[in-house]
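Consider the structure shown here, with its bound ligand. The paragraphs that follow start at the ligand and then turn to the helices and the backbone.

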Amino acid sequence: MTAPLVRTDELAHTYGSGLTAVVAVHGVSCVIGAETRAVVTGRAGAGKTTLLHLLAGMKKPTAGTIDWPAFEPSPPGPDLIGLVLQDGGLLRDLDVRLNVALPLVLAGRTGTAVRDAVDGALELVGLTGFAKKAPRDLTGEQIRLAILARALAPAPKLILADDPAGWLDRPAAERLLGRLVRAADGLAAGLLVATAEQAPAELFGERWAMVDGKLVRDR
Ligand SMILES: Nc1ncnc2c1ncn2[C@@H]1O[C@H](COP(=O)(O)OP(=O)(O)OP(=O)(O)O)[C@@H](O)[C@H]1O
C-alpha cells in the first residue's frame, strides 16, 4: 500500500457516559490508502456513520488513536476529504452549479477555478448539462449524483460516503456506486462507502461489515 491516508488503532467512540453511555464504535484498527476501494455494510445503528465521522476528523475518539499521515493539516480539511453526509441534501433555492460550487466558494476559491472544478465534478457524475437545473427539477437519482459532485468538486484525496445511494432503487444505486468508484479512480483518491444494503461485490476490493460497533472484514 502507498502511504496511508488514514490509520486507526483500537479506535473507539462512546456517546455519553455512565448508565446512558452508547458505545458506537470500538476496537477498530484499519488503514485506508489511495488504492482502497472499500464498502462497509451494517444494519441501522451498527456504527457506520460514527466511524466515517471519526475517519473524517469530525468526531474525536474516546479511546484508541487515529492519524492522517499523508495530510497537512491533520486532521485534514474538506478539500482533502470528500465527505458525503447521510442527510446532506441540496439547498433548494440554489441551482445545481451553485450547490456544487458552494463549498469551494466558502473555502475561498474564486472565478475559473470554481467553474472548472464544478464542471469537472458534474462530468465525473454524468450531470453535464444539468448545471442550471433547480433541485426540484431533478430525479432522486440526479439529486444523489449532485450531492456526490459537491463532495468531489474540491478533488479530495479521500472520499468517505455515508449511504450515498440511500432511497434509490437497486439499479440506480448500482449506477451511482459505479460512478463513485470510477470518480475515485479518476482522482486517485481512497474510497470508503457505508451502506445498509448489500453493495455489488465486483465494485469494491474490500468488503467490511460493522457489527455492534466492531469492524469485521469479509475479505
Ligand atoms: N449523538 C448521539 N448521541 C447518542 N447516541 C448516538 C448519537 N449518534 C449515534 N448514536 C448511537 O450510536 C450507535 C451507532 O450509530 P450510527 O449512526 O453511527 O450507526 P449507523 O450504522 O450509521 O446507523 P444508521 O445507518 O442508522 O445511521 C447507535 O446506537 C446510535 O443510536
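In sorting residues by character, Ala, Val, Leu, Ile, Met, Phe, Trp, Tyr, Cys and Pro count as nonpolar, Asp, Glu, Lys and Arg as charged, and the others, Gly among them, as polar. The model discussed here is a predicted one. By that scheme, the shell around the ligand divides into five nonpolar, five polar and two charged residues. The residues that surround the ligand are Tyr-15, Val-22, Ala-24, Arg-43, Ala-44, Gly-45, Ala-46, Gly-47, Lys-48, Thr-49, Thr-50 and Gln-86.

Polar atoms of Gly-45, Lys-48 and Thr-50 lie at short listed distances from ligand oxygens. For Gly-45 the partner is a polar backbone atom, 2.7 Å from an oxygen atom of the ligand. Lys-48 places a polar side-chain atom 2.7 Å from a ligand oxygen atom, and for Thr-50 a polar side-chain atom is found 2.6 Å from an oxygen atom of the ligand. Taken on its own, the ligand has 630 Å² of accessible area, and the protein covers 59% of it. Two or more residues of the shell come from each of strand E2 (22-32) and helix H1 (48-55). Of these, H1 gives the largest share, three residues.

The next topic is a pair of helices. Helix H2 spans residues 96-106 and helix H3 spans residues 111-125; their axes come within 9 Å and cross at roughly 125°. Angles from 65 to 115 degrees count as roughly perpendicular and those over 145 as roughly antiparallel. H2 and H3 are therefore oblique to each other. The crossing in which H2 passes H3 is right-handed.

The backbone also has some features to look at one by one. Most residues other than glycine have a negative phi, and most peptide bonds are trans. Against that background, which residues does a cis peptide bond with omega of about 0° join? They are Glu-72 and Pro-73, and Pro-73 sits in the loop between strand E4 (63-67) and strand E5 (81-84). Another cis peptide bond runs from Ser-74 to Pro-75, with omega near 0°. Pro-75 also belongs to the loop between E4 and E5.

The last feature concerns phi. Asp-163 is not a glycine, yet its phi is positive, at about 50°. Asp-163 is located in the loop between strand E6 (158-162) and helix H5 (170-187).

Technical notes. Residues are numbered from 1 along each chain as its sequence is written. This is a predicted model: local features need pLDDT of at least 70, side-chain atom pairs count only at pLDDT 80 or more; totals for chains, interfaces and linings use all residues. Side-chain values use heavy atoms; hydrogens and water are left out. A residue is near a molecule or strand if one of its heavy atoms lies within 4 Å of it. A polar contact is a pair of N or O atoms within 3.5 Å; within protein, one must be able to donate a hydrogen and the other to accept it, and residues adjacent in sequence count only if both atoms are side-chain atoms. Accessible areas come from the Shrake-Rupley method with a 1.4 Å probe; for residues, only the protein chains shown count as cover. Helices (H or I, at least four residues) and strands (E, at least two) are DSSP runs, numbered from the N terminus. Axes are lines fitted to C-alpha atoms, for helices over the stretch in contact, and angles run from 0 to 180 degrees between N-to-C directions. Angles under 35 degrees count as roughly parallel, over 145 as roughly antiparallel, 65 to 115 as roughly perpendicular and the rest as oblique. A crossing is left-handed if the near helix is turned anticlockwise from the far one by less than a right angle, and right-handed if clockwise.
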